[in-house]
Every structure is written in structure tokens, then in C-alpha cells.
Amino acid sequence: MAPPIKEILRIIVENVIRVGMPIPVSRRVVFKWAEGLGLKKNSETILFTGTLYQLVPYITSIVGRLESIEKSKLSSLLMSFGAKLSGIADRLLVRTPRGEIERQYEVLRRIVALLKKTDTRFGYLYEDDMYSGALLYDMGLDNYFREHAEKVYDRLKDLGVETLITVDPHTTYIMKEVYREVLPRYSLKVKNYLEVLSSSDLTPYRIIRKDVTIHDPCYYARYLKIVEEPRKLLRSGGINIIEANRVRELTFCCGGPIESISPTLSRSVALMRMDELSTSCKNIVVMCPICYANLSRVKAVDTNVDDISNYLYSIYCE
Amino acid sequence: MNKNDVVRDLRKIVGSGNIEDDELILKLYTRSASNIDGSAIAVVFPRSSEEVSNIVRYCYKNDIKIYPQGSASELVGSSTPYSDGIVLSFEKMNKVKEVSILDSYVITEPGIRLFELNQLLAKYGYMFPVDPASVKSASVGGAINNDSGGMMGARYGTVKNWVLELELVIPDEHGTILRVGSKTMKYRGGYDLVRLIVGSEGTLAITTSATLRITPIPENIVTIGGFFQDMRDLMETVIDVKTKGIELFVMEFIDDKTVESACRTMNLKIKGEGHYLLTSIAVAREASERVLSTLESLYRSHNVVQLYKARSQEEAEKMGLLDIRRALYPLAMKIAHESRRDPRSKMFVEMEDISVPPSKLIEAVNRLRSLEASFGIPMVIGGHVGDGNIHPIVWVEETDRDKLKTFYEMIKEIRRIGTELGGTFSSEHGVGIKKKERLVEEFEFKKSLKSLEVMKEVKKIFDPKGILNPGKMF
Amino acid sequence: MFGERISEEVFMRELLKCSFCGFCEWVCPTLKAEESRLYGPRGRVNIIIFAIKDGVWTDLGLRSIFNCLVCGACNTQCPAGIKISEYIRSFRYYLISREFRPCFIAK
Ligand SMILES: Cc1cc2nc3c(=O)[nH]c(=O)nc-3n(C[C@H](O)[C@H](O)[C@H](O)COP(=O)(O)OP(=O)(O)OC[C@H]3O[C@@H](n4cnc5c(N)ncnc54)[C@H](O)[C@@H]3O)c2cc1C
Ligand code: SF4
Ligand code: SF4
């Protein structure tokens with residue numbers, strides 16, 4: 001059965017136009033995590049989250065729902081009314097577990113703590129922290145993506161931003177490579193926080209003797225060549241990396257990118273990857289909120305999926 | 001029979017997720033690396049031998065043609081559905097059933113790719129040692145039915161040396177399941193039906209399970225790669241090494257045009273000009289240096305210009321000593337596409353597959369070169385010189401109608417060289433549709449047309465109604 | 001490759017380099033899950049060719065194109081050097097901008 005592709009695309013576009021993000025959450029969801037951290041608003045260098053960590057818990061709830069619709073074979077009927085789906089999304093947002101949201105916020109706070117250990121000075125844009133448009137680009141919604149990218153870039157320029165520090169692979173790739181291709185006048189410098197940390201010669205505060213296996217995100221490993229940085233950062237903190245079957249350039253996708261179009265297929269891909277990773281080690285390190293979400297939804301109870309920033313925080317921060 | 005009825009009936013046998021008749025899928029499964037497109041009414045994905053047997057029984061009763069298919073990477077049209085029928089794809093029968101290190105075998109379904117099989121075996125320090133350049137796609141079923149060979153062929157030969165036992169379904173009234181061969185190294189139970197099936201291009205029986213011999217990955221492998229200005233020097237090195245009683249592991253070459261393209265377009269650690277010869281020997285670690293220096297002096301005595309040595313397989317891979325040879329076909333594709341005039345047309349790139357006794361290699365290469373000159377169609381050559389197998393590659397643009405005729409004439413001549421020098425036109429790629437004519441000519445040349453008659457009778461015994469992969473081989 | 005720069009000719013010039021060798025398939029997650037050529041890189045490349053060169057297009061083609069993860073694993077394997085995932089992504093744009101009806105170019 002053909003998935004309701006056109007409807008899903010329409011919803012994504014409508015949301016991005018309406019609220020600037022693929023999921024219709026309130027702006028506060030985006031920057032609430034930074035309250036009380038004392039990050040300056042006006043700065044040439046800013047931490048640019050691309051809103052992915054913050055949105056992932058909401059995406060997970062929606063995907064769970066989409067999956068049960070797909071399974072119930074009612075999808076063609078139900079989803080041919082895109083509006084209904086938007087309705088479902090709205091209701092689900094309310095039901096998204098607090099704990100999960102808090103968990104992702106904590107990841108961002110830890111990234112800030114880590115970056116503060118380096119010489120890099122940076123600020124944060126709060127209500128102007130924006131979504132990169134990654135999903136529009138992935139889905140081939142090029143015209144909408146260009147419009148969105150122009151808006152984002154103009155706003156960043158208005159705010160006097162010169163350099164972005166990004167925290168996830170999708171946002172990094174889009175801001176670093178794709179904006180440059182799409183916007184001829186683009187001049188922002190983009191650094192990923194793992195690159196910043198790795199080039200800063202941090203001294204471990206604590207040595208952690210633990211075995212882990214690494215799930216390289218496709219965009220870091222293949223498109224951005226961020227492969228050795230995370231390994232170096234973990235190893236110098238005493239972590240022993242047991243490499244899984246497909247890593248580095250040959251890494252196997254978590255299935256996340258198609259979670260909204262084909263949630264069931266997305267889950268099968270996640271299961272295969274989980275199998276590969278967990279046979280090499282039960283502690284799985286991820287570096288992307290989408291990998292985190294998609295692998296977590298298929299993990300066994302004795303398996304532990306955790307963002308790299310949590311490990312790095314324990315190693316490098318008091 | 002009506003197409004929809006066939007699909008409906010077969011769906012009852014395999015279940016709805018395992019049969020497709022969508023137009024796009026049909027196109028996708030009636031094409032292969034051979035560049036010949038066919039047509040079919042459905043693609044069926046069996047999951048067990050019993051299902052295969054039920055499908056066959058149904059097809060026998062209703063006169064429906066069956067085309068078995070692995071990864072469709074064959075180059076001669078052997079997997080192409082010649083006329084309407086069903087494609088039997090083994091993509092979903094891809095499980096390894098048993099690995100026995102003590103008994104040195106693996107039992108597997110036919111759909112698994114050789115590369116994936118070897119990834120699994122590597123965990124035990126073992127391998128299935130047939131490594132066609134297409135290992136990453138070639139399935140076990142396809143490799144068996146094509147009797148594939150590869151770079152390690154100099155040492156291990158082709159698939160036929162590595163199959164112990166087969167489970168087959170034959171296209172008779174009952175879809176009978178046969179089990180031939182034995183798990184043991186030695187077996188003399190009647191005629192050798194295993195080796196009859198190996199290389200039969202899916203025309204006699206459908207392979208549903210195979211017990212393959214496996215062998216330990218060698219302790220160490222040393223490799224030497226060198227560039228020669230003169231092809232004659234290169235070939236004389238080959239002959240010299242072969243007459244010194246050294247047991248080869250790999251011996252491969254590519255010509256100067258491919259080398260030039262490789263050095264220009266690949267990110268290689270080695271550089272050179274002229275023709276490239278690669279030799280690997282499996283050795284005990286202690287003997288590495290000695291073997292390498294013997295090889296080096298042989299290469300030097302034939303005027304090698306640049307020379308690279310690797311003391312282990314990892315080192316050889318790091319230096320790219322093997323990659324440059326592996327790239328023969330892709331490089332030929334690249335060179336071919338660089339000459340494309342119409343961006344909307346396809347390039348027909350034909351990789352030929354002749355073998356000659358190694359003593360005739362120099363003559364073969366000279367004759368190939370003069371064909372290139374007289375026909376005015378560009379050619380690159382390379383191949384498994386260790387066993388006398390050369391792959392001349394030639395190309396033409398689909399829309400270049402004037403040249404197409406010359407192109408096919410030239411290919412005929414290339415094939416003839418193999419036969420005439422005491423070898424063959426068909427070493428490891430098979431006959432399929434493309435080389436049927438040449439098969440007759442070769443037997444004619446050998447004054448042995450009766451052999452073909454015998455083969456056709458054999459086909460009738462297995463496939464009385466002629467429904468299994470018809471139109472292939474003869 | 002982005003937006004309006006994409007034409008039928010751009011697809012054909014690059015994708016017709018595909019030799020149908022299948023080397024790209026073993027790394028593809030969606031192919032491994034679905035166990036069908038349709039959901040792998042070789043399938044997707046050829047679906048695009050069939051749509052544009054032969055005028056054959058169905059809903060399953062749409063499904064296959066939009067089920068690609070654009071993970072880029074296939075790009076590391078292609079001996080013809082085709083950046084497969086980039087063309088799949090671009091073909092999505094191509095489809096969307098033509099209301100999901102690919103244009104058949106006659107020879
Ligand atoms: C770039 C490239 C390089 C190549 N290099 C080599 C090489 O070095 N050496 C070499 O030997 N070949 C080579 N080949 C040819 C080909 O890849 C191999 O012969 C391969 O083993 C075919 O496997 P397959 O799974 O693709 O089989 P297919 O192409 O699907 O089928 C091959 C034949 O086997 C039959 N078949 C498949 N499965 C079954 C089954 N289960 N039961 C009965 N019949 C079956 C088919 O009907 C067909 O006749 C190359 C091909 C390409 C494209
Ligand atoms: S990019 Fe698409 S086709 Fe390529 S490996 Fe990933 S899922 Fe498969
Ligand atoms: S690896 Fe490249 S040439 Fe081979 S089938 Fe895939 S896309 Fe085509």
C-alpha cells in the first residue's frame with residue numbers, strides 16, 4: 001500500500017511555514033532548556049541547536065501513533081485527510097512525556113557545560129534559535145527549503161551572527177554544506193561542537209573505565225567526516241570502544257529519516273542496527289537525537305542508549 | 001493462461017507479500033548487468049525449498065516458464081527472462097543454515113551474497129575462496145550456476161572445486177526435490193551431478209540450498225605490484241614466475257590505458273606508467289621476505305619500471321595494490337563514458353572473457369591489440385593472467401548505429417582468439433544469450449558438435465517441457 | 001544539486017552510467033529490511049531511468065523513492081562513482097515540482 005506521502009509532505013510544509021518547525025510546538029519548547037544558564041544573547045558566535053534535540057520527544061510520540069495507524073491498515077482511509085493527521089499531532093503534543101523532554105534539555109545543558117571548558121566564547125539566541133529546514137531538504141521540498149533558509153539566514157545576519165556552533169549531524173550538514181550551495185551570499189562559519197571540543201585539548205576530570213560501542217551518524221561519518229573526534233574524546237577519558245560491524249564510513253543508518261513516511265520500515269531498520277550494535281556491546285553511544293530516538297524505541301531492557309555528551313560531561317566536567 | 005489467474009494462483013502458494021506484478025518491479029527484475037532487457041508476468045520470492053517445489057509443480061502443469069535469478073549481475077543474459085514467464089528471485093532465501101569448522105563446510109540458502117557469507121566466515125578465520133570482482137553482489141546461487149571465478153582463482157580455481165552438496169528442485173511434474181553430493185571431501189556415488197549443475201546457468205535445476213567447502217584464511221600474504229613499459233616484458237614475467245614452481249595466490253594485470261585512467265582518477269598511494277602486474281603469494285610469516293625478494297628479482301629481470309612490495313594483506317590494501325586491479329571494469333566504464341556524445345544514450349560496455357593456455361598469452365595479447373587497430377574501436381584489457389583468463393573490454397554508444405555493427409563483428413573476433421589458441425571464449429561469465437552462437441562455433445572448431453547434442457539430451461531429462469530458463473546456452 | 005537546476009538530462013547523464021552491477025546493495029538498510037531490489041540503490045537508480053527514459057511510473061516507484069534514508073551508504077560502493085543518494089533526493093524534488101508525474105523523454 002502506498003504511504004500517504006503527499007499528505008505527510010503537506011503537513012511538514014504547513015508546519016514549517018506556520019511555526020518555523022516541522023512540529024507545531026510553542027517557541028518556548030525550543031529555548032526553555034537554556035533558562036538560568038546565563039548565556040549572552042548578543043554574540044558573534046552562537047550555539048545553534050537547529051531545535052532537533054528539543055523536538056525529538058514530540059516526533060517520537062507522533063511516530064508511535066503513525067506506526068499504529070500504518071499497522072491497522074487504516075492508513076489510506078485515515079490519512080487521505082491530512083487535516084485529521086494534523087489534529088492527531090496536536091493532541092499528541094500534549095501527551096509527550098515530560099521526562100523525555102527534560103532528558104533532551106539536559107543533553108543541551110551538558111553540551112554548554114562542555115563548551116564552557118574551552119576557550120570558545122559563545123552566546124545563544126533564545127527565541128531566535130531556529131530550525132535549519134533539514135526535513136524539507138531531505139524530502140526534496142527544495143523551494144520551501146530555500147524560502148526557509150533565506151529567512152533563517154537573514155535573521156542570523158540581522159542579529160550579527162558570524163559563527164555557528166552546531167550540536168547534531170543534520171543541522172551541521174545543512175548549515176555547513178547545503179546553505180552554502182543554496183544561498184550564494186552565505187558567509188557563516190559553522191563548527192560542530194565535537195570538533196571544537198576535540199581541538200581544545202581538554203583534560204579529563206575523571207577517568208571512566210567502561211566498554212561502549214559507537215553508532216556513527218550517517219551525516220557525521222560520510223558527509224562531514226567527523227569520525228575520529230568522538231573516538232578521541234571518549235578514549236582520553238578511559239572509555240574502551242568496541243567497534244561494531246559497520247562503523248565509520250560504512251555505518252548503517254538508524255532508520256530515523258523515514259520515521260514519518262514509513263514508520264514500520266523505519267523500525268525494521270532500527271532493529272537490524274540495534275542487533276548489530278548490541279552484539280558488540282550493551283552500552284551504545286549515539287551522537288544525534290534522531291538516532292537516539294529511533295534506536296531507543298527498539299532497545300532491549302538490558303541495553304543502554306545514551307548521547308555522547310552525557311559521557312563527555314562525566315569525563316570532562318566536575 | 002491469463003496473467004491475473006497465474007498471479008492469483010501463485011499468491012496462494014507464496015503469500016501476498018512474496019509476489020509482485022507491478023510494472024516497475026517487472027522492469028527491474030527483467031534487466032541484468034548484461035544490458036539485455038527481457039519481460040515477465042510476475043516476480044516470485046520463494047522462502048523455502050517446498051515453496052519452490054510447489055511453484056515448479058504449478059508452472060509445469062500450466063506451461064509457465066521459470067527464470068531463476070540471484071543478483072542479476074551476470075554479463076551474458078543468462079538470468080534474463082527471454083520470453084514471458086515468472087522470475088524466481090532468491091533475495092528472500094538468504095539464510096546461512098550451518099557452519100561447521102571441524103568439517104570445513106557451510107550450508108546456506110542460495111540468496112546470500114558471497115561478500116556477506118565471507119563476512120560471517122571471517123569470524124571463524126575461514127573463507128569461501130571464490131572472489132569474483134562482483135563478490136559484493138553475486139549470490140551463492142548465481143555463483144554456483146555461473147561457476148564463477150575470481151582473483152584468487154590462480155590458487156583456488158572456480159566454484160566447481162568448492163561445492164560439496166546441493167539441494168535442487170527439478171522442473172518435472174512433481175517439482176521433485178533432489179539432494180546430490182555429500183558433505184564429505186570424498187564421494188563417489190554415481191555420476192557427479194553436483195558438477196553438472198555448477199555452471200549450468202539455471203537451465204537444469206533450481207538450487208535451493210548448497211553445502212560449500214570452506215578454507216582457513218591464509219596466515220600471511222605477500223604482494224608485489226610493478227609497472228612495465230612493454231606488455232611483452234609483463235607477459236614474460238608471468239611465464240617466468242609460473243615456471244619457477246611458485247604457488248600463486250593472485251596474479252592479475254591491467255593494461256597501460258587503464259593504468260593511466262586509474263592514476264588520473266583514483267586516489268591511489270602508488271603511481272606508475274605502463275602495464276601493471278600484480279602477484280600475491282600465500283606464505284608462512286617467516287618466509288615473507290625470501291619470497292618477496294625472489295619475486296622482486298624476477299620482476300627486475302624483465303625490466304619492471306616501478307615496483308611496490310607489501311609484506312601483508314593489510315599493507316597491500318593500504319597501498320592500493322589490489323584496488324587498481326579491482327577497478328578494471330569501473331575504469332573501463334569511466335573511459336567509455338568520457339567518450340559519450342549524447343547524454344541521453346547508454347554506453348554498451350562489453351567485458352569479454354577468453355582464456356588461453358598461459359604459454360599463449362603473448363600471442364593472445366598481440367592479436368587483441370591488432371583487432372583494436374583494424375576495427376578502430378577502443379579496447380582495454382586486463383584479467384586473471386595467472387590462469388590465462390583475459391577480459392578485453394570494448395564499448396560503443398547505443399545511438400552510434402554505424403559503429404554498432406563493427407562493434408559486434410569485433411567481439412566475434414575477440415571470442416575466436418580464445419578458441420583458436422587452444423582455450424575458450426567462455427571462462428567464467430558463461431554463455432547465456434549473448435554467446436550461444438560462439439558455443440556452436442567452438443564445438444565445430446573442435447570437431448565435436450555431438451557434445452552439444454549430448455548436452456541438449458541432458459537438458460531434456462531434467463526439464464522435459466523446456467520451461468526452466470529456456471533460450472539460454474543453446 | 002538543488003532546485004530548478006535539475007532536469008531530465010541531468011539525471012540521464014549521470015544515472016545511465018549505472019551498469020546494474022549491484023555492488024551498492026549490500027550496504028543499503030532499506031533493501032536489507034525489505035529484501036527486495038525495489039528498495040535498494042540499484043532499484044532506485046533504475047526506477048528513475050525507467051520513469052524518464054521509458055515512461056514507466058507507478059505508485060510503488062513513489063514509495064521506493066520516498067522510503068530512501070538518503071543515508072549515503074550506497075555512494076561509497078558505486079564503481080561508476082554515481083552519488084546515488086543525491087540523485088534520489090533530487091528526484092524527490094523533481095517529482096514534487098511536477099505534481100508527481102515524471103516527464104518521459106522520448107529518444
Ligand atoms: C562488474 C562485474 C564484474 C564481474 N566479475 C566477475 C568475475 O570476476 N568472475 C566471475 O565469475 N563473474 C564475474 N561477473 C559475473 C557475475 O557477477 C557472476 O557470475 C556472479 O556469480 C553471478 O551471480 P548473481 O547472483 O548475480 O547471479 P545472476 O546473474 O542472478 O544469475 C546467474 C545465473 O545463475 C542462475 N541462477 C541464479 N540463482 C539461481 C538458483 N538459485 N538456482 C538456479 N539458477 C540460478 C541464473 O538463472 C543465471 O543463469 C561480474 C559481473 C560484473 C557486473
Ligand atoms: S541512501 Fe537510500 S538507497 Fe542509498 S543506501 Fe541509504 S537507503 Fe539505500
Ligand atoms: S553500484 Fe552504481 S553502477 Fe552498480 S548498480 Fe549500484 S548504482 Fe548502478
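## A tour of two ligands, a helix and a pocket

Select Ser78(B) and ligand 1: a backbone N or O atom of Ser78(B) sits 3.2 Å from an oxygen atom of the ligand. Keep in mind that this is a predicted model.

**Stop 1: ligand 1**

Stay with ligand 1 and add Ser71(B). One of the backbone N or O atoms of Ser71(B) is 2.9 Å from a ligand oxygen atom. Now add Glu74(B). Here a polar backbone atom lies 3.0 Å from an oxygen atom of ligand 1.

Next, show the whole surroundings. Ligand 1 has 37 residues around it. Label the closest: Gly70(B), Ser73(B), Ser134(B), Ser139(B) and Ser148(B). Then colour by chain. The residues around ligand 1 come from chains B and C, so this site is shared between chains.

**Stop 2: ligand 2**

Move to ligand 2 and display the 14 residues around it. Which of them come nearest? They are Cys28(C), Arg44(C), Cys68(C), Cys71(C) and Cys74(C). Switch to a cartoon of chain C. Helices α2, α3 (41-54) and α5 (84-97) each give two or more residues to this shell. Colour the shell by class: 10 residues are nonpolar, 3 are polar and 1 is charged.

**Stop 3: helix α1 of chain C**

Keep α3 and α5 of chain C on screen and select residues 8-15 of that chain, helix α1. Is α1(C) mostly covered or mostly open? Mostly covered: 6 of its 8 residues are buried. Pick out Glu8(C), Val10(C), Phe11(C), Met12(C), Glu14(C) and Leu15(C), the buried residues of the helix. They pack against α3 and α5 of chain C.

**Stop 4: the second largest pocket**

Turn on a surface and go to the second largest pocket. Its space is about 930 Å³. The lining has 33 residues. Closest to the centre are Asn245(A), Arg246(A), Glu276(A), Glu116(B) and Lys32(C).

Now bring up the helices of the wall. At least two lining residues each come from α13 (263-280) of chain A, α4 (114-122) of chain B and α2 (29-34) of chain C. Which element gives the most to this lining? Highlight α13(A), which supplies 5 residues.

Finish by colouring the lining by class. Charged residues number 14, polar residues 10 and nonpolar residues 9. Before leaving, keep α2 of chain C selected. This helix supplies at least two residues to the pocket lining, and α2 of chain C also gives two or more to the shell around ligand 2.

Notes: Residues are numbered from 1 along each chain as its sequence is written. Chains are lettered from A and ligands numbered from 1 in the order in which they are written. This is a predicted model: local features need pLDDT of at least 70, side-chain atom pairs count only at pLDDT 80 or more; totals for chains, interfaces and linings use all residues. Side-chain values use heavy atoms; hydrogens and water are left out. On a 1 Å grid over the protein atoms alone, a cavity is a set of points where a 1.4 Å probe fits but cannot get out, and a pocket is an open set with protein on both sides within 12 Å along at least five of seven lines; lining residues have an atom within 4 Å of a point. Grid points are joined across faces, edges and corners, and a volume is the space filled by probe spheres set on the points. Helices (H or I, at least four residues) and strands (E, at least two) are DSSP runs, numbered from the N terminus. Ala, Val, Leu, Ile, Met, Phe, Trp, Tyr, Cys and Pro count as nonpolar, Asp, Glu, Lys and Arg as charged, and the others, Gly among them, as polar. A residue is near a molecule or strand if one of its heavy atoms lies within 4 Å of it. Buried means under 20% relative accessible area, exposed over 50%, partly exposed in between (1.4 Å probe, protein chains only). Contact means heavy atoms within 4.5 Å. A polar contact is a pair of N or O atoms within 3.5 Å; within protein, one must be able to donate a hydrogen and the other to accept it, and residues adjacent in sequence count only if both atoms are side-chain atoms.
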